[in-house]
Amino acid sequence: MNKKKMLGTPYFIWSVMFILVPLGMVFYYGLTDKSGAFTFENISAITSPEHSKALFLALLLSLIATVICLLLAYPLAMILCSMNINQHSFIVLIFILPMWMNFLLRTLAWQTLLEKTGVINNILTFLHLPTLNIINTPYAIIFGMVYNFLPFMVLPIYNSLTKIDGNVINAAQDLGANGLQVFTKITLPLTVPGIISGITMVFIPALTTFVISKLLGGSKILLIGNVVEEEFTQASNWHLGSGLSIVLMIFIIINMVISTIFDKDGEGSVL
Amino acid sequence: MNKKLIDLQNISKSFDGQMILDDLNLYIRENEFLTLLGPSGCGKTTTLRILGGFETPDSGKVIFDDTDITKLPPNKRQLNTVFQKYALFTHMTIAENIAFGLKIKNKTKSYIDDKIKYALKLVNLDGYENRMPDSLSGGQQQRIAIARAIVNEPKVLLLDEPLGALDLKLRQDMQYELIRLKNELGITFIYVTHDQEEALTMSDTIVVMNQGYIQQIGTPESIYNEPENAFVADFIGDSNIISATMIEDKLVEILGTKFPCVDTGFGCNKPVDVVIRPEDVILSSPATGRIKGVVTHLIFKGVHYEMEVTANGYEWLVHSTGMFPVGTEVGIDVDPFNIQIMNKPASEDEEAVKIDE
């Protein structure tokens with residue numbers, strides 16, 4: 001081993017202890033039953049109505065949240081891109097600032113704000129406006145997902161937008177394209193890697209979340225993340241929890257594969 | 001002479017309070033190969049971008065074919081641009097790149113296919129239809145950029161330092177290629193460059209610019225042989241620019257020695273600048289020369305020797321096929337018709353600036 005590789009040793013030890021070993025344990029528990037015998041039951045448990053409903057709901061809500069994030073983020077990224085550097089760093093700061101605060105804390109704050117007798121409804125009542133009853137509904141979960149994961153959509157799209165050479169846009173105009181044609185034929189296709197990596201970075205954490213659904217969805221709405229969490233914490237059935245985690249991992253891997261196909265140069269990624 | 005196709009009238013433009021173009025007037029004739037030549041920051045690219053519609057002048061008019069197009073957006077103009085770094089659409093094949101403008105104009109598929117074939121043949125890249133831009137060399141990409149522009153049959157092709165990113169050999173080949181293309185297409189080329197050799201090789205007309213002002217407009221020969229001021233003389237080729245006094249018509253005193261020349265009309269005992277090209281300095285034995293000097297540097301350049309000769313307190317730059325070793329005493333002479341007399345700069349704007357080459 002040469003000296004440069006030696007520098008990687010601490011991380012190597014770290015990744016074995018906290019990534020590879022736990023992953024191995026997930027697979028071990030997931031593929032065995034309580035007696036330790038090999039079984040696929042924990043994985044096929046996803047087909048039970050209760051679990052597949054949670055998975056379907058998680059897929060649906062995170063898909064909706066991803067679409068909303070995309071629709072909000074793209075215009076925002078374009079505005080950021082067209083700004084000069086001074087205005088721009090101010091906006092980016094405003095935008096990034098909340099990200100520095102703990103994500104649990106922010107979600108908890110929204111719980112307080114959205115409650116039936118929470119801050120928002122108090123203000124609405126005071127103004128004699130109808131109250132907002134979205135806490136403990138799927139809408140609140142989607143809202144929480146969008147709120148928490150929007151920056152992860154903006155940054156890669158913004159990144160890929162800034163990489164477009166101004167002359168390429170000029171060239172398209174020069175060849176007769178109007179504003180809309182420049183956008184659909186040049187800007188949008190050139191930012192596909194950014195869009196794909198934004199989608200990945202929003203969809204995966206949204207799909208696997210259990211905190212947002214727990215805090216903003218009450219305990220009535222179960223996403224697949226909540227089911228897994230309950231198996232580990234309440235039911236103490238690590239085997240089933242691991243099995244369902246493996247199923248979730250398959251969805252994540254599919255998403256990653258798609259994003260690598262579209263983003264060969266890694267240009268959309270911000271990490 | 002062909003008729004005026006483009007007329008720039010009193011164009012001014014500034015960015016962030018900095019004047020880039022100041023009351024520029026310039027016309028371009030049909031079928032002309034016109035080059036805007038100058039150091040970076042002289043306003044040549046801004047002039048081109050105003051022509052292309054990517055910048056709007058603060059004041060002044062752009063007249064194209066007797067119509068005012070000052071406010072017309074780029075997509076409505078009958079001219080096309082070849083950009084400095086090619087600006088190809090990297091997500092499209094070569095054929096799609098070339099077809100871009102034609103598809104927007106809703107041309108038929110067979111018309112577009114014919115045009116792609118024709119354009120690729122014209123730039124010597126037949127068979128490249130399905131390649132991606134990234135897989136082509138710089139020179140090939142530049143030729144695709146040209147093909148993409150010319151299929152739209154523009155009346156004018158704007159070229160913004162198109163050879164700037166290419167290596168020397170390729171640049172020279174492309175110069176001939178561009179001249180051939182211009183002759184085959186029979187359209188106007190407006191070419192922006194800071195490379196004087198490119199300008200001299202290709203142009204019908206050269207416009208030398210500096211700090212937002214036009215310094216001289218003329219044929220390559222007249223720009224080279226009869227620079228109007230020290231800036232032009234310094235920018236185009238190597239030269240000896242010496243302060244001198246015009247004694248009378250056809251007689252100039254350079255560094256204390258009287259030289260016969262051919263220029264008239266500068267007045268008597270008037271301070272002037274003279275330009276003497278290094279290849280026009282005649283070295284001989286000290287006895288026969290008009291001024292005596294000593295060779296201080298000698299470099300072999302292939303075609304000629306480059307020497308520096310100190311004479312009467314001035315370092316003369318000399319190009320000669322004859323070799324005089326360092327330390328040799330030589331005589332310097334110049335034929336009268338090789339002495340170019342120029343007025344001293346009237347304002348600071350005309351002042352020669354040092355150019356990094």
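## A predicted two-chain model: sheets in chain B, helices in chain A

Asp273(B) stands opposite Met342(B), a residue of E20(B). This pairing offers a way into the model, which is a predicted one. Asp273(B) faces its partner across two strands of chain B, E14(B), residues 270-276, and E20(B), which run antiparallel and are joined by four bridges. Both strands belong to an open sheet of five strands in chain B, ordered E13-E12-E11-E14-E20. The pairing in this sheet is antiparallel. Its edges are formed by strand E13 (257-260) and strand E20 (340-343) of chain B, each of which pairs on one side only. From one strand to the next, the twist averages 45 degrees.

Chain B also holds an open sheet of five strands with the order E15-E19-E16-E17-E18, again with antiparallel pairing. Strand E15 (281-284) and strand E18 (314-320) of chain B stand at the edges with a single partner strand each, so one side of each has no neighbour in the sheet. Here the twist from one strand to the next averages 45 degrees. The partner of the edge strand E15(B) is E19(B), residues 329-334, and the two pair in the antiparallel sense over four bridges. Within this pair, Ser284(B) has Gly331(B) of E19(B) as its bridge partner.

Chain A is built from helices: it has 14 of them and zero strands. Along the principal axes, its C-alpha trace spans about 70 × 70 × 35 Å. The mean pLDDT of chain A is 88, and 96% of the residues score at least 70. Among the elements of this chain, the lowest mean pLDDT, 74, belongs to helix H5 (residues 85-96), and the highest, 95, to H10(A).

The packing of these helices can be followed through three pairs. Two packed helices are described by the angle between their axes and the distance between the axes. For helix H2 (residues 9-30) and helix H14 (residues 238-262) of chain A, the axes come within 7 Å and cross at roughly 110 degrees. The two helices are therefore roughly perpendicular to each other, and their crossing is left-handed. On the side of H2(A), the contact is made by Val26(A), Phe27(A), Tyr29(A) and Gly30(A). H14(A) contributes Trp238(A), His239(A), Ser242(A), Gly243(A), Ser245(A) and Ile246(A). By class, this contact has five nonpolar and five polar residues, and no charged residues.

H14(A) also packs against helix H13 (residues 224-233) of chain A, where the axes come within 7 Å and cross at roughly 155 degrees. H13(A) and H14(A) are therefore roughly antiparallel to each other. The crossing of this pair is left-handed. From H13(A), the residues involved are Ile224(A), Val227(A), Val228(A), Glu231(A) and Phe232(A). They meet Trp238(A), Leu240(A), Gly241(A), Leu244(A), Ser245(A) and Leu248(A) in H14(A). The residues of this contact divide into eight nonpolar, two polar and one charged. Trp238(A) and Ser245(A) thus appear in the contact with H2(A) and in the contact with H13(A).

What is the angle at which the axes of H9(A) and H10(A) cross? They cross at roughly 135 degrees and come within 10 Å, which makes H9(A) oblique to H10(A). The crossing of H9(A) and H10(A) is right-handed. Val168(A), Ile169(A), Ala172(A) and Gln173(A) of H9(A) make the contact with Val182(A), Lys185(A) and Ile186(A) of H10(A). Five of the residues in this contact are nonpolar, one is polar and one is charged.

H9(A) and H10(A) also lead to the contact between the chains, which takes 15 residues from chain A and 16 residues from chain B. Helix H9 (166-174) and helix H10 (179-190) of chain A each supply at least two residues of the side of chain A that touches chain B. Which helix gives the largest share of that side? The largest share, six residues, comes from H9(A). By class, the side of chain A that touches chain B comprises seven nonpolar, six polar and two charged residues.

Terms used: Residues are numbered from 1 along each chain as its sequence is written. Chains are lettered from A and ligands numbered from 1 in the order in which they are written. This is a predicted model: local features need pLDDT of at least 70, side-chain atom pairs count only at pLDDT 80 or more; totals for chains, interfaces and linings use all residues. Two residues are in contact if their C-beta atoms, placed from the backbone, lie within 7 Å. Ala, Val, Leu, Ile, Met, Phe, Trp, Tyr, Cys and Pro count as nonpolar, Asp, Glu, Lys and Arg as charged, and the others, Gly among them, as polar. pLDDT is the predictor's confidence in each residue, from 0 to 100. Axes are lines fitted to C-alpha atoms, for helices over the stretch in contact, and angles run from 0 to 180 degrees between N-to-C directions. Angles under 35 degrees count as roughly parallel, over 145 as roughly antiparallel, 65 to 115 as roughly perpendicular and the rest as oblique. A crossing is left-handed if the near helix is turned anticlockwise from the far one by less than a right angle, and right-handed if clockwise. Two strands pair if DSSP finds at least two bridges between them.
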